[in-house]
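Subject: Structure handover

Hello,

Here is the structure we talked about. Please keep it open while you read the notes below.

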Amino acid sequence: MTEIVGSLLRVLSLIRKELLAILKDPKSRASVIVPPILQCLIFGYAASYDLNHVPFAVIDQDRSFASHQLIAHFDGSPVFTQVATLSDPRKLAAMINSRQVLLALDIQDGFARQLAMGQTASVQIIADGRDSNTAEVATSYAAAIINGFNAQWRQDHGLPASQPLVVTRAWFNPNLQTRWSMIPGLIGTITLIQTMMLAAMSVAREREQGTFDQLLVTPIRPVEIMIGKAIPAMLVGIFQATNILLVAQLWFRIPFAGSFAILYMGLILFVLAAVGLGIFLSSIAMTMQQAMLYGMVVIMPATLLSGLSTPISNMPQSLQLVTYANPLRYAIQIAQRVYLEGVGVSELLPYLWPMAVIAMVTLSIATWMFRHRVA
Amino acid sequence: MTTAPAVIRANAVTKRLRQRHAPPVLALDQISLSIPQGVLAALVGPDGAGKTTLLRLLAGLLPPDEGELFVLGIDVAHDPQRVQDAVAYMPQRFGLYEDLTVKENLDLYADLHGVTAAARGQRYPSLLEMTALAPFLGRLAGQLSGGMKQKLGLACALIQSPQLLLLDEPTAGVDPLSRHELWQIITKLSTEGTSALIATSYLDEAERCQQAIVLRDGKVLAQSPPRNIADRARNLVVLHEPMRDETARDLQARLLDTDDVIDAVPQGGRVRTICRTSQPSALAPSFEDGFMTLLAGAPRARVSRTPSPPVTRRDEVSVEVRDLVRRFGDFVAVDHLSFSVKRGEVYGLLGPNGAGKSTTFRMLCGLLPATSGTLLVAGEDLRRTPASARRNIGYMAQRFSLYPQLSVLENLAFFAGIYGLKAHLRRDRIQWALEEFELAPVRTQQSGMLPGGLKQRLAMAVALLHEPPLLFLDEPTSGADPLARRDFWRRITVLAQGGVTTVITTHFMEEAEYCDRLAILDAGRLLAEGTPAQIRDANIQKEGSTMEDAFIAIVEHARAKAQGP
């Protein structure tokens with residue numbers, strides 16, 4: 001019993017010391033608060049696939065009332081800005097080459113006639129495919145506008161509503177704003193970068209300053225060091241995740257569909273895995289520089305293989321396997337699904353247990369390394 | 001004074017150093033001095049006396065606030081660049097690039113000083129011969145021993161054939177052999193006509209110089225040939241014989257507590273004492289005697305006189321090392337080492353850099369596994385027993401290893417918590433540490449920003465916080481000034497009287513006199529063991545040999561034998 005009390009006392013002393021070291025200095029205090037919020041704002045605005053003011057050209061070979069109506073639909077959308085009207089389709093290539101337009105709307109001769117006869121009329125959309133992401137998004141916007149035009153035309157002319165050609169309806173994010181899926185994903189990404197680095201520095205700094213030896217000659221046990229190092233880093237991580245959550249709701253006004261209790265349950269496990277990864281890196285590094293380097297080596301693939309920017313299902317099979325060891329993969333799923341879908345615990349289980357396994361493995365190795373990694 | 005032109009002339013120079021969160025410190029207060037050309041001068045004084053500040057001013061790195069300062073006839077404040085072109089300044093930590101080789105470091109400093117290829121061709125061979133670094137040209141600077149690093153630093157500083165050398169404690173933390181070699185280099189340069197000013201905390205080094213400048217609190221207490229400073233203790237120095245059953249260390253402590261004694265140090269089993277009044281049949285005074293007399297009246301640490309209950313069982317073995325071996329790959333750092341330390345004993349481990357002292361310490365403390373052999377500390381192997389057994393030891397590492405960003409009080413509170421001291425005991429021990437080590441005035445200051453002497457006191461306070469029966473101290477006095485070292489040893493004396501066992505390493509051979517027994521190591525092997533008197537007497541070569549001479553003789557003899565047929 002006294003042994004447990006002694007153990008608790010040592011862990012609490014270490015936690016207190018760690019928090020003091022992080023929060024005492026105003027500069028390091030600011031570095032815990034400002035960068036995550038800043039990163040969140042930058043990502044929220046910059047890393048968005050939403051398009052605005054896409055320059056486009058019109059090649060109206062029909063020159064009819066109907067074609068004007070369709071062009072008006074494009075002009076009325078904030079997404080597109082008409083910058084040129086071409087009479088000669090051959091001029092288009094030069095405009096796309098010089099990036100003056102990203103997209104062209106080519107209305108063939110006979111468009112109005114075909115419509116009037118109730119036939120299928122064709123409209124050609126030409127996009128600059130060099131930036132495939134942007135082109136894809138722009139063409140899908142264009143298709144939506146054309147569908148909208150189609151529906152209204154049929155209504156105005158008393159025609160029965162036909163089956164539209166393309167049915168695209170995004171669930172949970174009806175306007176398909178990438179920001180809505182991006183920001184909840186950032187809760188995981190930014191928290192991983194911040195917490196893992198903080199944890200990676202923690203033991204390496206002590207090794208470099210020689211304080212780790214001083215700690216190891218005291219009665220503290222490796223497990224107690226591990227807990228005493230993990231908890232403060234986790235507290236900071238949860239605090240940072242909360243800040244990003246607040247930015248998402250108060251600044252970007254993204255509606256929260258799920259339960260905070262469930263989200264935080266997932267976040268705690270995720271932060272534990274991130275801290276485990278960090279302390280593991282720290283336990284094999286001899287200096288802070290090494291720890292920083294190892295951290296960088298892990299963070300790049302972790303963000304790329306997280307599914308935030310590119311779907312995991314598009315990756316080669318071997319890389320898909322690697323993503324199973326990436327805690328960020330699960331965190332992004334949890335954050336997005338709880339935030340936007342409001343799913344319950346049972347649906348999250350497949351994401352929760354892998355993170356627990358990652359934490360257990362990394363923290364066990366780190367604990368062993370404390371005493372066995374020798375200069 | 002001589003008629004030779006002065007290489008250094010200071011006229012009422014004052015310098016205040018600005019600090020963060022504190023009023024500026026008066027580092028130099030109306031200093032006036034003059035050093036003639038071709039002279040080897042020593043700069044001595046307690047920590048914080050202004051030695052480093054003066055050297056930095058002379059090197060043109062800081063401007064004086066008031067007064068005039070001429071170096072080689074150049075006004076430093078007006079033309080620092082011209083001074084820097086003609087002067088070699090070696091700071092306490094010389095900026096060697098640890099990831100570059102010896103040769104690359106030399107080339108780099110030659111490039112920085114614009115030394116031509118032709119001049120290098122002439123300069124390199126003589127520098128390499130002088131420093132004996134030629135066989136190590138391809139080795140990374142980071143892998144050199146402490147002494148070799150200092151020699152390389154000196155070689156880099158000397159690359160431009162300077163007219164004046166400014167060296168800031170070049171021998172701090174360097175073992176006696178390397179120190180000996182460094183001084184051979186300095187003496188050679190001096191005979192070739194180079195002027196030099198050398199700050200040092202080794203008073204025997206000052207004795208080798210033609211001039212000694214004693215600084216305290218930013219003021220010059222004396223500037224004269226060392227002989228004249230020694231003469232201040234003329235007729236005052238006597239040797240006292242300890243009583244039976246009393247160690248020289250205990251007698252010293254007793255003498256220091258009397259009012260008519262200026263200073264006392266153990267020497268060859270007896271106690272060299274400086275009295276306040278003239279003594280019949282007094283000894284010839286040394287520079288150190290004169291220095292201590294000059295500084296008499298400096299505040300001394302209050303060491304509490306209340307030792308723990310007296311020890312009864314002195315023959316109990318506290319530390320036992322048998323056939324200890326530690327290999328790092330092919331390199332044998334500790335080679336079949338055996339020794340044992342009794343309870344209440346002060347046991348000194350001496351040896352050159354790289355002799356395996358720190359490795360042995362780390363194994364004793366359970367930080368490093370032994371390759372083979374037996375290690376018992378208070379009857380237990382610290383790597384195998386439960387963590388609670390580590391409560392028996394107090395450990396002070398070679399470099400300051402407390403949390404630099406935490407305050408003094410926060411560091412004490414943290415370690416009190418880690419050692420499991422509960423409520424009132426914790427309060428009492430922290431209070432004790434603040435009083436005993438006079439840390440109360442700086443309790444809220446950041447530990448990393450404290451001056452060296454205070455850092456050492458704090459580290460010692462932490463090592464003693466949980467009242468361990470065993471102390472492992474790895475070079476605890478390295479870089480400390482003579483006064484701080486005396487205070488330190490008085491504390492050890494009190495602890496030993498209370499039955500605390502101490503194992504200690506040091507590069508100050510006169511400190512070996514405080515130990516009950518010593519072991520001299522080199523290349524991981526035990527070369528000699530015994531009381532200080534036994535070790536010195538067995539290796540005496542001429543009358544008046546010091547412990548340092550004995551040490552050098554033992555190590556050189558062993559090395560010659562190892563290289564022999």
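First, a term: two residues are in contact if their C-beta atoms, placed from the backbone, lie within 7 Å. With that rule, Leu43(B) touches Lys51(B), Leu54(B), Leu197(B), Ile198(B), Ala199(B), Ile213(B) and Leu215(B), leaving out residues up to four places away in sequence.

This is a predicted model, in which local features need pLDDT of at least 70 and side-chain atom pairs count only at pLDDT 80 or more, while totals for chains, interfaces and linings use all residues. Residues are numbered from 1 along each chain as its sequence is written, and chains are lettered from A and ligands numbered from 1 in the order in which they are written.

**Cores**

Leu43(B) is also one of the residues with the most contacts inside the largest nonpolar core. The others are Val71(B), Leu166(B), Leu412(B), Leu458(B) and Ala461(B). This core has 231 residues. A nonpolar core here is a set of buried Ala, Val, Leu, Ile, Met, Phe, Trp, Tyr and Cys residues joined through C-beta atoms within 7 Å. Buried means that 20 or more other C-beta atoms lie within 10 Å of the residue's own; exposed means 12 or fewer, and partly exposed is in between, with C-beta atoms placed from the backbone.

Helix α7 (residues 178-209) of chain A gives the most to the largest core, with 16 residues. Another core, of 20 residues, lies apart from it. Its members include Ala57(A), Ala127(A), Ala138(A) and Ala142(A).

**Domains**

Bounds come from an automatic or database domain assignment. For chain B it gives domain 1 (6-216), domain 2 (230-294) and domain 3 (317-563). The centres of domains 1 and 2 of chain B, taken over C-alpha atoms, are 34 Å apart. Their contact takes 5 residues from domain 1 of chain B and 4 residues from domain 2 of chain B. On the domain 1 side, helix α7 (residues 203-207) of chain B gives the most, with 3 residues.

Chain A has domain 1 (2-47 + 177-372) and domain 2 (54-156). There, 47 Å separate the two centres, again over C-alpha atoms.

**The six-stranded sheet of chain B**

Helices (H or I, at least four residues) and strands (E, at least two) are DSSP runs, numbered from the N terminus. Two strands pair if DSSP finds at least two bridges between them.

In chain B, 6 strands form an open sheet with mixed pairing, in the order β6-β7-β8-β3-β9-β10. β6 (87-90) and β10 (219-224) of chain B each have a single partner strand, so one side of each is left without a neighbour in the sheet. The twist averages 15° from one strand to the next. Angles run from 0 to 180 degrees between N-to-C directions; axes are lines fitted to C-alpha atoms, for helices over the stretch in contact.

β6(B) pairs with β7 (residues 164-168) of chain B in the parallel sense, over 4 bridges. Ala88(B) has Leu165(B) as its bridge partner in β7(B). Helix α1 (residues 51-58) of chain B lies across β3 (40-44), β6, β7, β8 (195-199) and β9 (211-216) of chain B. Helix α1 of chain B runs at about 150° to β7(B).

**The three-stranded sheet of chain B**

Another open sheet has 3 strands, in the order β11-β13-β12 (chain B), with antiparallel pairing. Its edge strands are β11 (237-240) and β12 (261-267) of chain B. Neighbouring strands are turned by 25° against each other on average, direction ignored. Helix α9 (residues 248-256) of chain B packs on this sheet and touches β11, β12 and β13 of chain B. Its direction makes about 180° with that of β12(B).

4 bridges join β11(B) to β13 (residues 270-275) of chain B. Leu239(B) has Arg272(B) as its bridge partner in β13(B).

**Strand β16 of chain B**

In β16 (residues 346-350) of chain B, 5 of the 5 residues are buried. Val346(B), Gly348(B) and Leu350(B) point one way, and Tyr347(B) and Leu349(B) the other way. β16(B) pairs in the parallel sense with β20 (residues 501-505) of chain B, over 4 bridges. It also pairs in the parallel sense with β21 (residues 517-522) of chain B, over 4 bridges. Gly348(B) stands opposite Ile504(B) in β20(B), and its bridge partner in β21(B) is Leu518(B).

**Between the chains**

23 residues of chain B are in contact with 21 residues of chain A. On the chain B side, α12 (408-418) and β18 (393-396) each supply at least two residues. α12(B) gives the most, with 4 residues.

Best wishes
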